[in-house]
Amino acid sequence: MNVSSRPHAPINFAEKLARIADQWQPRVIAELNDYQLKIVRIEGDFIWHDHPETDEAFIVLEGMLRIDFRDGSVTLGPGEMYVVPKGVEHKPYAASEVKMLLIEPRGTANTGQAGGERTAANDIWI
């Protein structure tokens with residue numbers, strides 16, 4: 001577990017996001033039991049994928065995020081969240097850059113079992 005060098009220091013989302021240059025590369029900012037809280041910048045279309053073993057929480061900090069499902073979609077703005085249930089195929093999309101927080105178990109691949117070139121390295125702390 002990565003611990004701040006300053007005890008009792010808050011985690012500032014804007015400061016952490018400013019340190020991320022690449023899109024679609026989630027970075028861990030904290031752990032809660034076996035769950036990781038990750039921040040990420042995204043823009044454009046992702047791939048269809050699911051997570052058979054876990055739910056995935058999307059919390060939008062800035063921008064507008066659309067999560068497509070095979071039977072519809074949900075659109076989230078700043079301060080809104082949505083939990084994709086385990087096993088539900090989904091595809092995030094952002095017409096312009098979105099900054100968000102993800103909550104998922106440690107070791108969860110961002111592309112689920114779909115894999116491919118959009119698969120980000122896991123357990124990278126910022």
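Trainee: Is Thr108 buried or exposed?

Mentor: This is a predicted model, in which local features need pLDDT of at least 70, side-chain atom pairs count only at pLDDT 80 or more, and totals for chains, interfaces and linings use all residues. Residues are numbered from 1 along each chain as its sequence is written, and side-chain values use heavy atoms, leaving out hydrogens and water. Buried means under 20% relative accessible area, exposed over 50%, and partly exposed in between, with a 1.4 Å probe and protein chains only. Thr108 has 9% relative accessibility, so Thr108 is buried.

Trainee: Which backbone oxygen does the side chain of Thr108 reach?

Mentor: Thr108 lies in the segment after strand 7 (90-105); strands are DSSP runs of E, at least two residues, numbered from the N terminus. At 2.8 Å from the side chain of Thr108 is the backbone oxygen of Pro105.

Trainee: Which strand gives the most to the largest nonpolar core?

Mentor: A nonpolar core is a set of buried Ala, Val, Leu, Ile, Met, Phe, Trp, Tyr and Cys residues joined through side-chain atoms within 4.5 Å. The largest one has 15 residues, and Met100 is among those with the most contacts inside it. Strand 2 (35-45), strand 3 (56-62), strand 4 (65-69) and strand 7 each give two or more residues to this core. With four residues, the one that gives the most is strand 7.

Trainee: What is the relative accessible area of Lys99?

Mentor: Lys99 lies in strand 7. Lys99 touches Leu17, Val40, Arg41, Val60, Leu61 and Glu62 (heavy atoms within 4.5 Å), not counting residues up to four places away in sequence. Lys99 is buried, and its relative accessible area is 16%.

Definitions and conventions
Polar contact = N/O pair within 3.5 Å; in protein donor to acceptor, adjacent residues only side chain to side chain.
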